[in-house]
Amino acid sequence: MTVEEAVAAAFREEWGQVVATLIRVTGDWDLAEECAQDAFTQALDRWRRDGVPRRPGAWLTTTARNRALDVLRREAVGARKLREAAMLTAGGEPYDDHDGGDDSGVRDDRLRLIFTCCHPALPVEARVALTLRTLAGLTTPEIARAFLVPEATMAQRLVRAKKKIRNAGIPYRVPPAHLLPERLTGVLGVIYLLFNEGYAATSGAGLVRGSLCAEAVRLARVLARLMPDEPEALGLLALLLLHHARRDTRVDAAGDLVTLEDQDRTAWHRDEADEGAALLETALRRGRPGPYQLQAAIAACHTTARTAGDTDWADIAGLYGELVRLVPSAVARLNRAVAVGMAEGPDAGLALVAELEQEGDLAGYHLLPATRADLLRRAGRTTEAAAAYERALALVENDAERRFLEKRLVECRSAG
């Protein structure tokens with residue numbers, strides 16, 4: 001592995017921990033990001049000279065902490081912040097997750113910072129976007145694509161959220177345990193979108209970013225232990241496990257996408273799938289079904305089907321109907337169109353896709369024309385399908401998905 005690759009891997013795996021630690025000890029969001037970025041820049045030079053350290057995360061945290069101390073001294077921010085930052089040195093290991101001295105019950109720096117970011121004074125979308133940017137290291141374009149908004153719009157939201165925190169004097173701390181539920185929606189959304197970006201990267205060469213998926217699962221586990229009586233926390237963990245169980249089969253040896261119906265089900269991680277199904281049952285027994293539990297139930301329909309042909313698409317379509325009733329998003333409706341198309345025939349799915357195309361909420365989203373193309377292909381209308389695949393290819397930014405769409409396009413042109 002080259003130094004450049006080592007730094008890139010460290011960024012994917014360690015960025016959130018480094019920034020979370022710096023925010024906790026300095027209380028300054030921008031300073032934390034700036035010093036973390038500086039540490040990664042230094043790593044490129046220092047690791048070439050000295051070699052990649054045994055624990056890259058500890059090296060990066062220490063380097064970023066020292067940079068923050070220098071800035072605080074130079075700008076004379078105040079003795080209290082200097083003392084707090086110096087505690088990292090006095091406390092010994094600078095890379096440990098610990099409680100930070102509050103009474104929330106949160107013992108994980110990154111999860112604590114997610115709760116801190118998800119302050120009720122901020123709009124829900126701003127909470128999620130800001131946390132993804134700060135702790136997950138996602139770029140503004142990646143977050144914009146996750147929310148299906150223009151990059152400039154997302155950049156403005158991030159700036160406004162930071163200004164709101166500064167001007168309103170929102171503290172960098174986790175609230176007491178009895179106030180945690182009011183922030184749960186934002187926290188669930190952050191972990192869910194973090195997993196989604198790892199599960200199907202919006203851009204880049206690879207489809208799957210395994211470190212992001214693993215981190216999202218880890219955070220979901222911590223959250224479920226922290227709030228065991230919240231069925232949606234259990235539902236989210238169940239959902240992530242049910243999807244993560246298929247991680248080894250989603251791409252082939254060449255890195256090309258493998259569709260769900262073509263995946264080798266014997267290679268799925270049955271222990272994780274079984275754990276997810278059990279968690280879902282526990283959540284549903286609480287009698288408070290929510291969006292994450294419904295999505296987990298949909299995922300369970302897939303993982304429990306012995307073969308692709310055994311999939312109960314009618315049940316899945318019904319579950320999506322309930323999900324759309326709770327969360328009437330365009331993406332949920334698109335997924336329902338796929339399920340209806342599989343359960344009732346391609347024409348039924350195409351009718352629902354046509355409604356979404358007319359409304360325009362998913363304009364620029366490559367999966368809309370890609371879904372239309374797949375339904376047309378299944379209906380034998382290959383010439384129309386080829387045109388839809390061309391529209392999808394003009395919008396897709398992930399290389400693995402692009403190759404898959406190009407393959408389908410060639411098949412349709414050959415058949416036509």
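Thr383 is found in helix H18. This is a predicted model, so please hear every value that follows as computed from it. Thr383 is exposed, because its relative accessible area is 59%, and the cut-off for exposed is over 50%. Along the chain, Thr383 and Cys412 are 29 residues apart. In space, their C-alpha atoms are separated by 6.7 Å.

Staying with that part of the chain, H18 also turns up in the surroundings of helix H17. The buried residues of H17 pack against helix H15 (330-344), helix H16 (346-359), helix H18 (382-393) and helix H19 (399-415). Which residues of H17 are the buried ones? They are Leu368, Pro369, Ala370, Thr371, Arg372, Ala373, Leu375 and Leu376. Note that an arginine, Arg372, is among them. H17 itself covers residues 367-378, which is twelve residues. From its first C-alpha to its last H17 reaches 16 Å, close to the 16 Å expected at 1.5 Å a residue. After H17 comes Gly380, with a positive phi near 80 degrees.

A second helix to set beside it is H3, residues 56-75. H3 has 20 residues and reaches 29 Å between its first and last C-alpha, close to the expected 28 Å. The buried residues of H3 include Trp59, Leu60, Leu69, Val71 and Leu72. Arg65 is also on that list, as are Thr61 and Thr63.

Now the whole protein. How many helices and strands does it have? There are 19 helices and zero strands. Of its 416 residues, 50% count as buried. Taking contacts between residues at least 6 apart in sequence, 63% join residues at least 24 apart. The accessible surface comes to about 18700 Å², and 51% of that belongs to carbon and sulfur atoms.

On to the aromatic residues. The structure holds five aromatic pairs, and I will take two of them. In one, the ring centres of Phe11 and Phe40 are 5.4 Å apart, with the planes at 70 degrees. Why is that pair called edge-to-face? Because the angle of 70 degrees is over 60, the pair falls in the edge-to-face class. Phe11 lies in helix H1 (residues 3-26) and Phe40 in helix H2 (residues 29-50), so the pair links parts of the chain 29 residues apart. Are these two buried or partly exposed? Phe11 counts as partly exposed, at 25% relative accessibility. Phe40 counts as buried, at 4%. Phe11 and Phe40 also belong to one aromatic cluster together with Trp15.

The other pair is Tyr192 with Tyr292. Their rings are edge-to-face, 5.4 Å centre to centre and 70 degrees between the planes. Here the partners are 100 residues apart, Tyr192 in helix H9 (residues 184-199) and Tyr292 in helix H13 (residues 291-304). Tyr292 counts as buried, because its relative accessibility is 12% and the cut-off is under 20%.

Two further residues belong with those helices. The first to mention is Gln295, which is in helix H13. Gln295 is buried, with a relative accessible area of 17%. What does Gln295 touch, leaving aside neighbours within four places in sequence? Its contacts are Tyr192, Leu239 and Leu323. Tyr192 is the residue that pairs with Tyr292.

The other is Leu194, in helix H9. Leu194 counts as buried at 6% relative accessibility. Beyond its neighbours within four places, Leu194 is in contact with Leu132, Ala136, Leu138, Leu212, Glu215, Ala216 and Leu219. That list includes one glutamate, Glu215, along with leucines and alanines. The C-alpha atoms of Leu194 and Ile143 are separated by 9.7 Å, with their positions 51 residues apart along the chain.

One more item on rings. The charged end of Arg246 sits over the ring of Trp268, at 5.9 Å from the ring centre.

Last, the cysteines. How many disulfides are there in the model? The count comes to zero, with the sulfur atoms required to be within 2.5 Å. Two cysteines can be placed by accessibility: Cys213 counts as buried at 2%, and Cys301 counts as buried at 14%.

Conventions
Residues are numbered from 1 along each chain as its sequence is written. This is a predicted model: local features need pLDDT of at least 70, side-chain atom pairs count only at pLDDT 80 or more; totals for chains, interfaces and linings use all residues. Side-chain values use heavy atoms; hydrogens and water are left out. Rings of Phe, Tyr and Trp (its six-membered ring) pair if their centres lie within 6.5 Å; planes under 30 degrees apart count as stacked, over 60 as edge-to-face and the rest as tilted. Helices (H or I, at least four residues) and strands (E, at least two) are DSSP runs, numbered from the N terminus. Buried means under 20% relative accessible area, exposed over 50%, partly exposed in between (1.4 Å probe, protein chains only). A charge sits over a ring if NZ of Lys or CZ of Arg is within 6 Å of the ring centre and within 35 degrees of the ring normal. Contact means heavy atoms within 4.5 Å. Accessible areas come from the Shrake-Rupley method with a 1.4 Å probe; for residues, only the protein chains shown count as cover. The expected span of a helix is 1.5 Å times one less than its number of residues.
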